[in-house]
Amino acid sequence: MAKEQVFIFDTTLRDGEQVPGCQLNTIEKIEVARALEELGVDIIEAGFPISSPGDFNSVVEISKVITEPVICALTRAVKQDIEVAAESLKFAKRPRIHTGIGTSYYHIYHKLNSNPEAIVERGVEAVKYAKSFVEDVEFYAEDAGRSDNKYLARVIEAVIDAGATVVNIPDTTGYTLPDEYGKKIRYLKEHVRNIDRAIISTHCHNDLGMATANTMSGVINGARQVEVTINGIGERAGNTSLEEVAMILKSRKHLDLQTRINAKKIYRTSRLVSTLMRMPVQPNKAIVGRNAFAHSSGIHQDGVLKRRENYEIINPRTVGINESSILLTARSGRAALKHRLEKLGYSFTREALDRIYDKFLELADSKKEIVDEDLKVLAGSSARDIKRNLHLHHLQVLCGKGTTPVATVHIEWDGTTHSATAEGNGPVDASINAVKSILNKKVRIEEFLIQAITRGSDDLGKVHMQVEHKGVVYYGFSASTDIITASVEAFIDAMSQVVKLSGS
Ligand code: KIV
Ligand code: ZN
């Protein structure tokens with residue numbers, strides 16, 4: 001039997017972007033929209049055009065560059081909203097207007113100061129008006145989660161008669177239980193006369209941590225579109241996360257459902273959204289969190305090393321993560337230590353391994369995590385395989401309020417000292433520009449993390465940098481009480497490998 005399709009409606013750029021402090025500019029939104037197209041989403045909700053000129057412009061520009069997915073614009077059930085949305089979609093190859101109105105007791109009486117009859121009428125009028133601009137019109141019944149099912153069914157039937165192609169049943173406040181939400185969808189399937197003329201969509205918020213469970217319950221009960229965001233970002237506790245639903249549908253084959261998501265692009269897209277929105281992903285986030293495929297207890301590590309499936313239900317490569325990680329901590333066993341040492345190219349007799357394991361436990365008691373550098377030292381190796389051929393000898397930075405940051409660096413490169421001075425938009429940027437002008441390599445900094453180890457102002461700043469050169473990623477690390485020096489040292493650490501390994 002052919003699998004049924006579940007359409008992925010991504011609202012990262014609309015509901016997701018409503019997170020305070022995470023606003024994107026038009027260029028960044030286009031970058032995210034392109035990544036979503038590559039990821040294989042079916043519909044991109046690109047914005048709420050009446051809300052601001054920036055949102056309007058983003059919908060226009062995204063419509064110009066995206067070819068495959070439907071481009072959707074949100075409106076209230078207000079004529080002017082719909083006109084502006086239609087105008088913003090004029091370049092879209094496949095435009096959709098998403099209009100709607102609140103249908104719960106709270107929304108009808110305490111937000112819209114209206115009554116149930118008038119709300120049905122406004123919904124119908126909005127759909128008819130949107131239909132005069134585009135063929136594809138989605139209707140949302142805001143706060144459907146808390147709406148009376150009988151009344152909701154009436155509204156939905158009326159808007160489908162008016163031409164709605166998709167009917168969205170949002171759990172706006174994240175209040176429903178999975179069983180309740182599933183029953184609501186089933187109720188609509190069984191009681192709305194014309195329901196076979198529209199697709200039912202889920203739109204679940206995560207206020208009680210049930211967004212994904214509710215969405216899945218909706219799908220199991222007949223919804224065939226899911227409204228989701230990358231990393232589950234969104235208002236308050238967020239929306240349903242795309243990666244979770246996509247991987248549930250991919251992993252639980254007995255559901256006989258499929259999406260067009262190219263799972264291998266999931267991790268990349270998650271990182272892009274997190275970086276552009278400056279919104280870190282919680283480490284234990286399902287599928288894309290730093291620890292989602294990390295194993296730290298000795299029993300689990302031993303189990304995973306014997307056979308990955310012992311403790312993993314998804315192969316990390318499926319979602320674009322290279323491999324599971326075995327974190328070396330005081331709870332790790334010999335199997336994990338041996339495995340990591342072998343990966344680093346060492347092999348030891350049982351007795352030698354026992355000795356290293358004892359030293360390892362001693363060190364692990366005083367450090368949260370043992371990294372490869374520590375292991376090399378433990379194993380009697382030099383601190384770095386690739387000996388640094390670049391060294392920072394001198395760094396002087398002039399910066400402060402009202403000045404253009406300028407940095408001068410002296411670098412020793414294979415025994416010769418080189419100097420350069422450059423400006424930048426901050427002290428780190430100026431210093432890195434100066435280093436770049438000496439090395440003359442085309443590189444892009446993909447990740448730049450500064451982390452304080454404790455909390456005092458005299459703390460060490462640990463810097464981690466990821467630099468891309470000709471499609472290859474190089475990592476640099478450093479730590480110093482001076483975070484500008486640490487940043488430049490981390491860049492030089494990565495560049496040392498670029499210079500050594502890239503061959504040009
Ligand atoms: O949560 C919600 O109800 C919404 C609608 C505007 C679709 O985001
Ligand atoms: Zn929402």
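Which residues form a nonpolar patch on the surface? In this predicted model, the patch consists of Ile-445, Phe-448, Ile-450 and Ile-483, and together these residues have about 300 Å² of accessible area. Strand S16, which covers residues 444-452, gives the most to the patch, with three residues. Ile-450 lies in strand S16. The relative accessibility of Ile-450 is 39%, so this residue counts as partly exposed.

The strands of the model were examined next. Strands of a sheet pair through backbone hydrogen bonds, in either a parallel or an antiparallel manner. Eight strands form a closed barrel in the order S2-S3-S4-S5-S6-S7-S8-S9, and their pairing is parallel. From one strand to the next, the twist in this barrel averages 25 degrees. Helix H6, made up of residues 149-161, packs on the barrel sheet and touches S6 and S7. The direction of helix H6 makes about 150 degrees with that of S7.

Within the barrel, strand S6 spans residues 136-142, and seven of its seven residues are buried, so the strand is largely enclosed by the rest of the structure. Both faces of S6 are covered. On one side, Asp-136, Glu-138, Tyr-140 and Glu-142 are all buried, and on the other side the buried residues are Val-137, Phe-139 and Ala-141. Strand S5 (residues 95-102) runs parallel to S6 and is joined to it by seven bridges. In this pairing, Ile-97 stands opposite Val-137 of S6. Strand S7 (residues 166-171) also runs parallel to S6, with three bridges between the two. Here Glu-138 stands opposite Val-166 of S7, and Tyr-140 has Asn-168 of S7 as its bridge partner.

A further sheet is open and contains three strands in the order S13-S14-S15, with antiparallel pairing. Strands S13 (390-398) and S15 (416-423) stand at the edges and have a single partner strand each, so one side of each is left without a neighbour in the sheet. The twist of the open sheet averages 15 degrees from one strand to the next. Strand S14 comprises residues 406-413 and is joined to S13 by eight bridges, the two strands running antiparallel. His-391 stands opposite Glu-412 in S14. Helix H15, formed by residues 427-439, packs on this sheet and touches S13, S14 and S15. Its direction makes about 40 degrees with that of S14.

Charged side chains were also considered. Side chains of opposite charge can pair when their charged atoms come close. The structure holds 35 salt bridges. One of these is formed by the side chains of Lys-265 and Glu-38, with an N to O distance of 3.5 Å. This pair links distant parts of the chain, 227 residues apart. Lys-265 is in the loop between strand S10 (257-258) and helix H10 (266-277), whereas Glu-38 is in helix H1 (residues 26-39). Lys-265 is partly exposed, at a relative accessible area of 21%. Glu-38, at 44% relative accessibility, also counts as partly exposed.

In another salt bridge, the side chains of Glu-142 and Lys-111 meet at 3.0 Å, N to O. Distant parts of the chain are again linked, with Glu-142 in strand S6 and Lys-111 in helix H4 (residues 105-111), 31 residues apart. The two partners differ in their exposure: Glu-142 is among the buried residues of S6, whereas Lys-111 has 46% relative accessibility and counts as partly exposed.

Arg-146 and Asp-143 form a salt bridge in which the closest N and O atoms are 2.9 Å apart. Arg-146 counts as partly exposed, with 30% relative accessibility, while Asp-143 counts as buried at 0%. In addition, Glu-157, Asp-161, Arg-193 and Arg-197 are joined into one network by salt bridges that share partners.

Terms used:
Residues are numbered from 1 along each chain as its sequence is written. Chains are lettered from A and ligands numbered from 1 in the order in which they are written. This is a predicted model: local features need pLDDT of at least 70, side-chain atom pairs count only at pLDDT 80 or more; totals for chains, interfaces and linings use all residues. Side-chain values use heavy atoms; hydrogens and water are left out. Patches are made of residues with over 30% relative accessible area and no salt bridge: like charges are joined within 9 Å, nonpolar side chains (Val, Leu, Ile, Met, Phe, Trp, Tyr) within 5 Å. Accessible areas come from the Shrake-Rupley method with a 1.4 Å probe; for residues, only the protein chains shown count as cover. A salt bridge is a side-chain nitrogen of Lys or Arg within 4 Å of a carboxyl oxygen of Asp or Glu. Helices (H or I, at least four residues) and strands (E, at least two) are DSSP runs, numbered from the N terminus. Buried means under 20% relative accessible area, exposed over 50%, partly exposed in between (1.4 Å probe, protein chains only). Two strands pair if DSSP finds at least two bridges between them. Axes are lines fitted to C-alpha atoms, for helices over the stretch in contact, and angles run from 0 to 180 degrees between N-to-C directions. Contact means heavy atoms within 4.5 Å.
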